[in-house]
Amino acid sequence: MHFPFMASRQEGVSLRYRAVLLTLISIFLLSLHANSFAHAVTEGDKGYIQEISGVNILPFIYLGAKHMVTGYDHILFLLGVIFYLYRLKDIGIYVSLFAFGHSSTMLLGVYFNIGINSYIIDAIIGLSVVYKALDNMGAFQRWLGFQPNPKLATMIFGFFHGFGLSSKILEYQISPDGLVPNLLAFNVGVELGQLLALGAILIVMSYWRKTSSFMKHAYSANVVMMTAGFVLFGYQLTGLFVTSNA
């Protein structure tokens, strides 16, 4: 038996998926024309940091917060981490593990001048978004027959996110004068930015979870998140290829 309203609904869902897919493809194609595949270091911020020396607590707090709030890759990963977490205690544990991971490698990476290609580390960060989306979709349980430790995975990917932060700071070419206080200030800014981003995510999620559409569309939302992670991964690999062959 044919139900017209069901066909119409299925057609509407199909159109929404096509719209999402076309949007993601457009983002990827536009990224191919970005200026030299630039990363999240604006010329204004970079020039300012290169000109100053000594201890500058507030500017580095601002830069750290700005990087986290505007870092869509970090925010996507955070969204994936807290997607199915309802208790504040659990959210606090996972966010603390992530903060420990990215804080330690960010500080050590800059202090010891551990240079990692920005495109490679950002590609791994894109894969961290893919991993978390697949984890939320229960893919590993189906594919591997067991669930990888989510807390350990959050901290490990936090390490990679931290190297992503350190690579941005190294691009600033900051003065060694006052390096440690400035790094600590940057890290404080990152944590403040993370709290702001997390607060906004929790507000939106709390409203969405109260509706019947949450469980209905949660799987689809993680599919979109996974696709976005692959787009970020592809964007960074393309940047690596272009710069290596320039």
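This passage describes the overall fold, one helix pair and the nonpolar cores of a predicted model.

The secondary structure of the protein chain consists of 10 helices and zero strands. Followed along the sequence, the elements accordingly read α-α-α-α-α-α-α-α-α-α. Of the 246 residues in the protein chain, 44% are buried. Among the contacts with a separation of 6 or more, 86% are accounted for by residues 24 or more positions apart.

The packing of helix 3 against helix 9 was examined as one helix pair. Helix 3 spans residues 57–70 and helix 9 spans residues 179–209; their axes come within 6 Å and cross at roughly 40°. Because angles under 35 degrees count as roughly parallel and those of 65 to 115 as roughly perpendicular, helix 3 is classed as oblique to helix 9. The crossing of helix 3 with helix 9 is right-handed. On the side of helix 3, the contact is made by I57, F60, I61, L63, G64, A65, H67, M68 and V69. Helix 9 contributes P181, N182, A185, F186, V188, G189, V190, L192, G193, Q194 and L196. By character, the residues of this contact comprise 14 nonpolar, six polar and no charged.

One of the residues that helix 9 brings to this contact is L192. L192 is partly exposed, with a relative accessible area of 41%. In sequence, L192 and I61 are 131 residues apart, whereas in space their C-alpha atoms are 8.4 Å apart.

Attention then turns to the nonpolar cores. In soluble globular proteins, nonpolar side chains tend to be buried together. In the present model, the largest nonpolar core holds 26 residues, of which F77, I82, F83, I91, V95, L134 and M205 touch the most other members. Two or more residues are given to this core by each of helix 4 (72–82), helix 5 (88–111), helix 6 (118–136), helix 7 (139–144), helix 8 (150–172), helix 9 and helix 10 (213–244). Helix 6 supplies the largest share of this core, with five residues. A second, separate core is made up of 17 residues, including M106, V110, I174 and L179.

The surroundings of I91 illustrate how distant parts of the sequence meet. When neighbours within four places in sequence are left aside, I91 is in contact with I82, L85, L198 and L202. Of these partners, L202 is placed in helix 9. Under the same exclusion of neighbours within four places in sequence, L202 is in contact with I82 and I91. L202 and I82 are 120 residues apart in sequence, yet the distance from C-alpha to C-alpha is 8.3 Å.

L85, another contact partner of I91, lies in the loop between helix 4 and helix 5. Its relative accessible area is 13%, so L85 is buried, the cut-off for this class being under 20%. With neighbours within four places in sequence again left aside, the contacts of L85 are with D90, I91, Y94 and R209. L85 and L202 are 117 residues apart in sequence and 9.9 Å apart in space, C-alpha to C-alpha. I91 is thus in contact with both L85 and L202.

Methods: Residues numbered from 1 in each chain as written. Predicted model: local features only at pLDDT ≥ 70, side-chain atom pairs only at ≥ 80, totals over all residues. Heavy atoms only, no water. Axes fitted to C-alpha atoms, helices over the stretch in contact; angles between N-to-C directions. Helix = DSSP H or I, 4+ residues; strand = E, 2+ residues; numbered from the N terminus. Parallel < 35°, antiparallel > 145°, perpendicular 65-115°, else oblique. Left-handed = near helix turned anticlockwise from the far one by under 90°. Contact = heavy atoms within 4.5 Å. Nonpolar A, V, L, I, M, F, W, Y, C, P; charged D, E, K, R; others polar. Core = buried A, V, L, I, M, F, W, Y, C linked by side-chain atoms within 4.5 Å. Buried < 20%, exposed > 50% of the residue type's maximum accessible area, 1.4 Å probe, protein only.
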